[in-house]
Amino acid sequence: MSGSANKRRKALVFLDYDMLIRHFVNARAFADLEKSWDVKYVFHTDSTSEKQGIFSDIDALGLANYTKFDLPRRRMGEWDWLYSVTVLHNHRNAPHFKLRRELMADARGWRLTYQFQAMAHPWIYPIARRILMARMGVYKPLDDFIAAERPDAVFHPSILAGYFINELNLICPARGIPLVVMMNSWDNPANKSMNTGIPDRLVVWGPQTKRHAIDYMKMPAERVLEFGAAQFQVYREPSDADESELRRRFAVPAGIPIVLYAGVSKSVNETDHLLALDRAIASGHIPPCHIVYRPHPWRGPLVSGERDFFDVPYAHVTMDPHMVDFYRRAAAGKTKGFELSDYSVTADLLRLVKGVVSPLSTMLLEGAMHGIPVVMFWPDGPAGIVGKTIDIGTRLPHFAEFWGCDGIQVCTRAEALADSCKLMLTAHQSAAVREALLAHARGYVVMDGPSYSERLAQLADEVVDAFAQARAAAA
């Protein structure tokens with residue numbers, strides 16, 4: 001450890017959503033930092049609203065040092081003006097600008113979106129930004145909290161929006177505290193923005209998200225670091241089970257290929273998709289195989305016309321047994337937030353399956369990371385807000401750049417699904433396709449070198465030492 005041998009450095013880690021707990025705390029992203037630093041976790045709460053970002057039992061996480069900080073949802077909502085204007089400003093000349101604007105209009109309405117677009121004009125944006133930032137100011141309770149804690153560095157796993165990021169990008173530079181932000185989801189750098197300032201370091205997954213952070217978030221290249229994804233580190237660990245044991249864990253038959261149908265967070269009629277696959281297998285249009293349905297841990301209740309999975313007599317489809325209890329609660333509308341499903345289970349499943357089918361999920365990338373062929377299947381087109389979101393999502397930069405590699409198919413017609421699956425289970429099982437997928441995935445997620453936790457611990461000392469040297473040079 002650099003610095004004084006007698007005094008451990010202190011880090012504050014701010015978290016404002018359940019998914020960040022799953023992807024960083026449960027993934028032990030700070031394990032190596034905790035060996036040499038005093039790490040204090042700060043979890044968001046909001047006494048002013050029933051809408052929360054965190055529903056997890058924080059006390060059950062087994063953390064040595066943590067606290068909760070109350071920050072009102074209203075303030076995050078007020079920052080949305082600056083966020084929306086900045087997104088449109090940064091994407092103004094991008095080829096997907098109209099798609100990004102359309103998604104914003106679906107959430108905020110066209111009247112406000114056109115107003116945001118006017119404020120995003122290069123001549124107007126600097127003035128609008130100054131006015132909006134002056135109107136918001138610094139959130140003094142959080143500023144006072146950080147001042148009292150006296151951290152050497154602040155870390156923020158983030159969806160690059162939310163309760164804390166705008167506040168931390170103001171407070172940390174003003175107090176001379178290095179701020180490290182870590183992206184959470186694949187689309188974050190391509191779709192979000194830095195509004196109130198630029199963190200000292202932004203940790204991204206790999207080459208694509210670094211480029212997106214530079215192009216669409218206007219991050220200086222030297223501040224963007226490729227560490228891989230904290231939640232995917234488990235994919236680098238060896239399995240403790242052979243194929244026979246994996247089949248037992250997922251209660252699937254022996255002797256035939258297993259295909260994963262990965263559900264999506266935007267609830268769609270997944271039961272009908274599964275039934276189409278089941279019938280195609282029964283008719284012989286898809287080679288003999290078995291489908292494992294894994295519902296997305298963000299999915300909501302059944303949509304209009306969607307039957308409960310357990311009310312359908314499938315012959316060749318079963319649900320991942322680890323997700324059954326969650327699905328029953330989600331189908332009945334009894335879930336409150338994000339399900340903290342275990343990534344080690346996902347790792348086991350991806351070691352077992354021979355292909356992945358999904359409407360539009362990061363699981364498509366995770367399949368490619370394992371050399372597994374995938375099919376993006378969305379036959380319903382832009383019907384309804386969810387369908388429109390998926391339709392646009394396929395054309396936004398993070399997914400649009402992903403298509404085209406051997407072993408990655410985009411299927412937009414229901415009648416073509418059987419042929420896509422047949423190709424996935426035959427020609428796309430070759431060693432050449434596997435190597436092509438593995439090579440393609442390296443452009444998205446770093447999976448070699450030191451672990452995420454090791455990289456983060458090293459970065460913590462480097463960034464604090466750099467700040468100390470800069471202060472000494474300026475003195």
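This briefing covers the two sheets, the helices that pack on them, and a set of aromatic contacts. The model is a predicted one. One open sheet is formed by seven strands in the order E3-E2-E1-E4-E5-E6-E7, and another open sheet by six strands in the order E10-E9-E8-E11-E12-E13; the pairing is parallel in the seven-stranded sheet and parallel in the six-stranded sheet.

**The seven-stranded sheet**

- In the sheet ordered E3-E2-E1-E4-E5-E6-E7, strand E3 (66–70) and E7 stand at the edges, and because each has a single partner strand, one side of each is left without a neighbour in the sheet.
- From one strand to the next, the twist of this sheet averages 25°.
- Strand E6 (residues 201–204) pairs with E7 in the parallel sense over three bridges, and Val 203 has Leu 225 in E7 as its bridge partner.
- Helix H7 (residues 140–149) lies across strand E1 (9–15), strand E2 (37–45) and E3, and its direction runs at about 155° to E1.

**The six-stranded sheet**

- In the sheet ordered E10-E9-E8-E11-E12-E13, the edge positions belong to E10 and strand E13 (408–411), each with a single partner strand, so one side of each is left without a neighbour in the sheet.
- The twist in this sheet averages 25° from one strand to the next.
- Strand E11 (residues 355–358) and E12 run parallel and are joined by three bridges, with Ser 358 standing opposite Met 376 in E12.
- Helix H18 packs on the sheet, where it touches E8, E11, E12 and E13, and its direction makes about 175° with that of E13.
- Helix H14 (residues 343–352) lies across E8, E9 and E11, running at about 160° to E9.

**Helix H12**

- The 14 residues of helix H12 (residues 270–283) should span 20 Å at 1.5 Å a residue, and the end C-alpha atoms are 20 Å apart, which agrees.
- The buried residues of H12 are Glu 270, Thr 271, His 273, Leu 274, Leu 275, Leu 277, Asp 278, Ala 280 and Ile 281.
- Among the elements that cover these buried residues are strand E8 (258–262), strand E9 (290–294), strand E10 (317–319), helix H13 (324–331), strand E12 (374–377) and helix H18 (417–425).
- Gly 284 follows H12, and its phi is positive, near 90°.

**Aromatic contacts**

- A pair of aromatic rings is described by the distance of the centres and the angle of the planes, and the count comes to 29 aromatic pairs.
- The rings of Tyr 235 and Tyr 343 have their centres 6.3 Å apart and their planes at 70°, so this pair is edge-to-face.
- Because Tyr 235 lies in the loop between strand E7 (224–226) and helix H11 (243–249) and Tyr 343 lies in helix H14, the pair ties together parts that are 108 residues apart in sequence; both Tyr 235 and Tyr 343 are buried.
- Tyr 293 and Tyr 327 also form an edge-to-face pair, with 6.1 Å from centre to centre and 80° between the planes.
- Tyr 293 lies in strand E9 and Tyr 327 in helix H13, so this pair ties together parts that are 34 residues apart in sequence.
- Tyr 293 is buried, with a relative accessible area of 1%, and Tyr 327 counts as buried at 1% relative accessibility.
- Ring pairs link Tyr 293 and Tyr 327 with Tyr 261, Phe 309, Phe 310 and Tyr 314 into a cluster, and over the ring of Phe 310 sits the charged end of Arg 328, 4.0 Å from the ring centre.

Terms used: Residues numbered from 1 in each chain as written. Predicted model: local features only at pLDDT ≥ 70, side-chain atom pairs only at ≥ 80, totals over all residues. Heavy atoms only, no water. Helix = DSSP H or I, 4+ residues; strand = E, 2+ residues; numbered from the N terminus. Expected span 1.5 Å × (residues − 1). Buried < 20%, exposed > 50% of the residue type's maximum accessible area, 1.4 Å probe, protein only. Contact = heavy atoms within 4.5 Å. Pairing = 2+ DSSP bridges. Axes fitted to C-alpha atoms, helices over the stretch in contact; angles between N-to-C directions. Phe/Tyr/Trp six-rings, centres within 6.5 Å; stacked < 30°, edge-to-face > 60°. Lys NZ or Arg CZ within 6 Å of the ring centre and 35° of its normal.
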